[in-house]
Amino acid sequence: MSLVGRMAGWITGLLLAVAVVAPVQAQRVEGDSARAQGLYEAEVPVGSQSDAARGPALSRALAQVLGKISGDASAASRPGVGQELRRAAQYAEHYDYRQDEGVSATGAPSFQTTLVVRFDRDAVDGLAAALGLPIWPEPRPKPVLWLAIDDGSGPRLVSLQQNNVVRPVLDRARQRGYQLGLPRGSAAEQAGVGAIWRGDAAAIARLSARYQPPMQLIGKLQRAGSGWRADWTFVDDGRVLSEWSSEHADARRAMSAGADGAADALVKRYARVAPVGEPGNYRVVFTGLASSDDFIRLASTLQAMPVVRRAVPMRATADGVEYELELVTGLPGFRRMANRDVLAEVEDVSGTPTFRIVR
């Protein structure tokens, strides 16, 4: 067997032998209830607290977090993300469970177990950057929701005192990584229903001047046949960024689409994508491999990089090896994820990207 062939088999074995560090279950004092707070935490319902149920739930939780930090509702379907969702435990710092008690349709008590997970911020940010996901920076704005609802008895403004009426749109905004505010409901604000209904966004922007930031999600929800229709306008500092409509048999679903449209408009304007290059196969040389420990460090480093889908040694060099790397994104993404405590890029006259093992 050739030297490259022996190295390939040996390195593959090393990659399979690298241990995966499992997240730690959090400890809580009696009476404390686990809740997800912030962009890097998520809640997922589970059928039990077994290992078999927790694995898929961790994947769903990481998908939620990637959706929140990017503002992209389809983040989980981006190239390379699915592979990392299956390794979600590697990104989790700790997890806990919460038992929620409710009442079923028959009146009997019901119980729901929820897994609450906190993920490592730096690890998740690195994953998003390497895979080319947009990063929606913090702090994020809290637009004011100006929603008028006509259920057949005339349009009425939903104010802060009726926040439960618009809970679906408020909750959906949190799922997309931001929050919506509501007007206090003064007499002047209640009179603004007419402006909402006739689509006068400028009038609502003036009425909303007391609130910060100067962003408004303006919507009117009304019956449409056997269902509901909502017309939406998103305004940022007096400028209309987006207009859209949503229809559904369920008023809650028609309502929650308002949060999605606002999130899409905000992400389009404020999120940034780091340059990561194109996916494909790239030749990369690694030098300074003077011992088995060096090969072990290289193997574990490549395995830990989500941008690397496959690593195959192709040719032995004087003091290292040339690999063919299948990258989810291009070399910029690889460079971004390279652990500088292990790999240092060096200039090479051959034109092939070269990294030296750091001792």
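1. Leu147 is found in strand 5 of this predicted model, a strand that covers residues 144–150. Leu147 has a relative accessible area of 1%. Because burial is assigned under 20% relative accessible area, Leu147 counts as buried.

2. The surroundings of Leu147 draw on several parts of the chain. Setting aside neighbours within four places in sequence, Leu147 is in contact with Arg156, Leu157, Val158 and Val166. Its contacts also include Gly219, Lys220 and Leu221, together with Trp232 and Met255. By contrast, Val308 lies 46 Å from Leu147, C-alpha to C-alpha, with a separation of 161 residues in sequence.

3. Strand 5 belongs to an open sheet of five strands, whose order is 6-5-7-8-9 and whose pairing is mixed. The edges of this sheet are strand 6 (156–157) and strand 9 (239–248), each of which pairs on one side only. Strands of a sheet pair through backbone hydrogen bonds, in either a parallel or an antiparallel manner.

4. Strand 5 and strand 6 run antiparallel and are joined by two bridges. Ile149 has Arg156, in strand 6, as its bridge partner. Arg156 is also one of the residues in contact with Leu147.

5. Helix 5 (residues 167–175) has three residues to examine: Val169, Leu170 and Ala173 are its buried residues. Viewed down the helix axis, these buried residues fall within an arc of 100 degrees, and therefore line one face of helix 5. In general, an α-helix has 3.6 residues a turn, so residues three or four places apart point the same way.

6. What do the buried residues of helix 5 pack against? Their packing partners are strand 5 and helix 9 (251–270). Just after helix 5, Gly177 adopts a positive phi of about 95 degrees.

7. A further open sheet should be considered separately. Its four strands follow the order 1-3-4-2, again with mixed pairing. Strand 1 (24–25) and strand 2 (41–46) form the edges, and each pairs on one side only.

8. Within this four-stranded sheet, strand 3 (residues 92–103) and strand 4 (residues 109–119) run antiparallel, joined by eleven bridges. One position may be located by residue: Asp100 has Gln112, in strand 4, as its bridge partner.

9. Helix 2 (residues 51–70) lies across strand 2, strand 3 and strand 4. The helix runs at about 140 degrees to strand 2, which is an edge strand of the sheet.

Methods:
Residues are numbered from 1 along each chain as its sequence is written. This is a predicted model: local features need pLDDT of at least 70, side-chain atom pairs count only at pLDDT 80 or more; totals for chains, interfaces and linings use all residues. Side-chain values use heavy atoms; hydrogens and water are left out. Two strands pair if DSSP finds at least two bridges between them. Contact means heavy atoms within 4.5 Å. Axes are lines fitted to C-alpha atoms, for helices over the stretch in contact, and angles run from 0 to 180 degrees between N-to-C directions. Buried means under 20% relative accessible area, exposed over 50%, partly exposed in between (1.4 Å probe, protein chains only). The arc is that of the directions from the helix axis to the C-beta atoms.
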